[in-house]
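Thanks for coming, everyone. I would like to walk slowly through one protein model today, beginning with a helix and then turning to the empty spaces.

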Amino acid sequence: MVSGMTEETNVIKPRLQLVAWELTRSCNLFCAHCRASSAGDTYSGELSTEECLRVVDEIAAVGNPILILTGGEPLMRKDLFSIAKYAAGRQLKVVMGSNGTLITGETASLLKEIPISRIAVSLDFPSAELQDKFRGQPGAYSAAVAGINNARQAGIEVQVNCTLTRLNIACLDDLLSLALDLGAVAFHPFLLVPTGRGKGLENVALSPQQHEETLNRIYDLQEKMGDRIFFKPTDAPHYLRIMKQRAKGSEGKPPAPVRPGHPAHSISRGCLAGTGFCFISHRGAVQGCGYLDVEAGNVREQPFKRIWEDSPLFRDLRDLRNLKGKCGLCEYKKICGGCRARAYEATGDYLEAEPNCIYQPLAQREYPINV
């Protein structure tokens, strides 16, 4: 057992903070990295409006998480507004993940009335030519920028996301500048998890060493920006280890500034799958996250509360004693945990070691073993 960790502290007590809900898998774009391989098709078996409202009630009965309505493209679903309004009425903070291209001025006003408190829009390149190619649709860049402007004019906060690969890692500073120019309050760089169409990008995925360098660069940029914009690297749980290490090296200085005023402006743990976060698919499957293609249960078959509290998958993820390889030995496992989805895609075992972390745990250095 890692020094300082007891049997009790090896088990994380769950607190539902975020639920990402894929209301539909349909999408008007054809993005190269899409975890769901979404297209413009109509997908069978989507939860009905009535089922969605019931699930909202069940989520609200568990806690008061941020509810992220996403897809596909959530605006492809005609009852989005009624579902979102119902969720807001249940005192859930409702936000939306969108490609931005369908956010007209009228749509933005309707979203504000719900209220949708934030919209996250993905921009992976700071130029129209490259963004349009990556998103599989001419005009995607200009439409997304217009959507961001419409959302802001309606009074909705905007967050800019991007997925980092070797195709765009050199654009990181330019993407940050673009986010600032567009008035974004947050910038969330995602590190690729090769699922869905994203498997086709494995040959341009960042190496473990590039992950380390990129996360340190993000830390530096956050310190430079101060509270002008909030960074939250996603699918990069080892950022929490880097924050801790960098704080130790700066005479107790806080790891990175946190912009106040919104519950999304916090970093509580690296991998939150099954401990503070879960994902619901368009057909009701509950997963640790959208990239971890392992079902904890289905809301058509079991109440959400039972799945969240008692599913074998989530119990596995909460017990840090289950972690294998160097993740199981690591002194940072409580704050990091490794990306369970990336481990699953690499090995077929969601409890295996995070493959894109170069850190060697102290226990492994003191007592070298094969892991």
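Before the first stop, a word on terms: a helix here is a DSSP run of type H or I that holds at least four residues, and helices are numbered from the N terminus. Please keep in mind that this is a predicted model.

With that term in hand, look at helix 5, after which comes G155, a residue whose phi is positive, near 90°. Helix 5 covers residues 140–153, and since its 14 residues at 1.5 Å a residue should span 20 Å, the 20 Å between its end C-alpha atoms agrees.

Which residues of helix 5 are buried? They are A140, Y141, A144, V145, G147, I148 and A151. Viewed down the axis of helix 5, these buried residues fall within an arc of 155°, so they line one face of the helix. In general, an α-helix has 3.6 residues a turn, so residues three or four places apart point the same way. Among the elements that cover the buried residues of helix 5 are helix 3 (105–113), strand 4 (118–122) and helix 6 (172–181).

Now to the spaces. The largest pocket, with a volume of about 260 Å³, is lined by 18 residues, and R25, R35, Q287, G290 and D293 lie nearest its centre. Its lining divides into 4 nonpolar, 7 polar and 7 charged residues, and strand 9 (285–287) and strand 10 (295–298) each supply at least two of them.

A search of the whole structure also finds 3 cavities of 30 Å³ or more. The second largest cavity has a volume of about 120 Å³, and of the 14 residues that line it, C327, C330, C336, G338 and C357 are the closest to its centre.

Definitions and conventions: Residues numbered from 1 in each chain as written. Predicted model: local features only at pLDDT ≥ 70, side-chain atom pairs only at ≥ 80, totals over all residues. Heavy atoms only, no water. 1 Å grid on protein atoms, 1.4 Å probe; cavity = no way out; pocket = protein on both sides within 12 Å on 5 of 7 lines; lining within 4 Å. Points joined across faces, edges and corners; volume = space filled by probe spheres on them. Helix = DSSP H or I, 4+ residues; strand = E, 2+ residues; numbered from the N terminus. Nonpolar A, V, L, I, M, F, W, Y, C, P; charged D, E, K, R; others polar. Expected span 1.5 Å × (residues − 1). Buried < 20%, exposed > 50% of the residue type's maximum accessible area, 1.4 Å probe, protein only. Arc of directions from axis to C-beta. Contact = heavy atoms within 4.5 Å.
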